[in-house]
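Me: Please take a close look at one part of this model, the metal site, and then place that part in the whole chain.

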Amino acid sequence: MSQFASPFVVNSVIDGIAWPGIPAASGQALLTVLLQLEQTQWWTPAQILDRQRQQLQQLLVHAREHVPFYRERLRDVGELSETDDWLARWRQVAPLRRDDIQRADAAETMIADFVPPGHGDLTEVYTSGSTGKPIRSVRTELWELIWSAFTIRDHLWHRRNFTGKLASIRESDKSKALYPDGAVASSWGYASATIVSTGPMVSLNVASTVEQQAEWLQRHDPDYLLTHPTIAYRLAEHCHAHSIRPARLQQVITIAENLRPEVRALCLSTWNAPVIDIYSAREAGYIALQCPDHAHYHVQSEGVFIEVLDENDKPCEPGQVGRVLVTPLHNLAMPLIRYDIGDHVELGEPCACGRGLPVIRKIIGRTQNMLTMPWGERRWPLLSSDSIEAMLKVAPAVRQYQFVQTGLDLIELRLVVARPLSPDEEEALLKWVHKKFAHEFQVAFVYLDAIPRTPAGKFEDFLSKVEPSVGGRG
Ligand SMILES: [Zn+2]
């Protein structure tokens, strides 16, 4: 495909100027950031790190002076100057946990008492996650502008045609975008529409059935489908079984959940559409975007500073899995400094595409999706398609499943079944659980009519409600 396949035509607001387009002030600012992103992606890791240091320094000074929560916490960090080992001092700042944010926000110490001119108005969003511990996130207009630039970078990296139709199955508000009409918007949203004309966007509620989603998808015949990996998988399975191939569909864009390799394979074989995954979080913005040339991810270093640490809080090397600390660089309204976002990733070697942005080879999962052994060790349950196939072999009537670890020695197996399971089938499932999780856990069978998604529309096949053992990091 030629790089001119998706013309990037900037809207003009000046009378008498059609081309090159001059957009309104917010669009101009957005293009200023985009122009830089086009350059900085090719910088060396050292060049990128040095600019991050300068921005982190700004953030530190601001947070120490204007956010009461950080006054003590950042007292001893000093200045992040390039002449000494600034990273070592940076790493002495205690990681920020979800509970810290909740407590500080309840005590009204988490929001800045001052934001410099130019950062614009503040907006707030709430994120619940599946932990049931909502946190509030307050951000500036400037942060949103930079967020928009990364949205457009993703479109540019993956050569999307801005005039195409975008279909989204993401809306989780119970009263919005309901089948059969869904919702229709004239553009892809604020981020893109600020500078370019886009095609329309159609949306459907995540609570719709797979039959409804398939019918809706065929009726709209979009160029791009944006949804959660588990929804894409179920929909592709259905379309595969019924030979449904929306004629125009070029890409499936996934977001919000951990992407399993079988989702990529099934979307490609069913629709001949590659999956492009996005790693982002409501409270931190874009963390990493898929490389234009590979299935791995590039950290969006111009917007976030990412650290990946092993269990002893030492930085991971490529090939190692560790937990992610995120520091969004530009949100001065509510700075998150070394925020432990609750994800584990594997770092990769530098990318052959030539971009200097660090590589995340694999997003392993959320910490809350780890199995805790009765002796405290945490492991990934690794429910691959092979192990699920083995499970369905011993209990073919299982239509949907979810494992929830509710105690150190107890796993609740939630099932939706086509018919009641026989005692032999339950016994076989019990044995499968013991083998799969390498311990003779007690298993409580719970039969349901449907396994609901989280309030944000996410689905997880393994969830732990066991708190990490006490005595870990402070
Ligand atoms: Zn790359």
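**The zinc site**

Reply: In this predicted model, four residues coordinate the zinc ion: Cys-291 through SG, His-298 through NE2, and Cys-351 and Cys-353 each through SG, at 2.1 to 2.3 Å. The angles among the four donor atoms run from 97 to 116 degrees, and the site is tetrahedral. Along the sequence the donor residues follow the spacing C-x6-H-x52-C-x1-C.

Two of the donors can be described by their accessibility. Cys-351 has a relative accessible area of 9%, so this residue is buried. Cys-353 has a relative accessibility of 14% and therefore also counts as buried, because the cut-off for a buried residue is under 20%.

As for the chain that holds the site, the protein chain contains 12 helices and 20 strands. Its radius of gyration is 23 Å, close to the 23 Å that the globule rule gives for 474 residues, so the chain is as compact as a globular protein of that length. Taken along the principal axes, the C-alpha atoms fill a box of roughly 70 × 55 × 45 Å. Of the 474 residues in the protein chain, 49% are buried.

A surface feature can be set beside the buried cysteines. Val-13, Ile-14, Ile-17 and Ile-22 make a nonpolar surface patch of about 320 Å². Within this group, Val-13 lies in the segment before helix 1 (25–40). The relative accessible area of Val-13 is 52%, so this residue is exposed, whereas Cys-351, at 9%, is buried.

Terms used: Residues are numbered from 1 along each chain as its sequence is written. This is a predicted model: local features need pLDDT of at least 70, side-chain atom pairs count only at pLDDT 80 or more; totals for chains, interfaces and linings use all residues. Side-chain values use heavy atoms; hydrogens and water are left out. Donors are N, O and S atoms within 2.8 Å of the metal (3.2 Å for Na, K and Ca); water is not among the atoms, so sites may look incomplete. Four donors count as tetrahedral if all angles lie between 85 and 135 degrees; four count as square planar and six as octahedral if opposite donors are over 155 degrees apart and all others between 65 and 115; anything else is irregular. Buried means under 20% relative accessible area, exposed over 50%, partly exposed in between (1.4 Å probe, protein chains only). Patches are made of residues with over 30% relative accessible area and no salt bridge: like charges are joined within 9 Å, nonpolar side chains (Val, Leu, Ile, Met, Phe, Trp, Tyr) within 5 Å. Accessible areas come from the Shrake-Rupley method with a 1.4 Å probe; for residues, only the protein chains shown count as cover. A salt bridge is a side-chain nitrogen of Lys or Arg within 4 Å of a carboxyl oxygen of Asp or Glu. Helices (H or I, at least four residues) and strands (E, at least two) are DSSP runs, numbered from the N terminus. The radius of gyration is taken over C-alpha atoms; the globule rule is 2.2 Å times the number of residues to the power 0.38.
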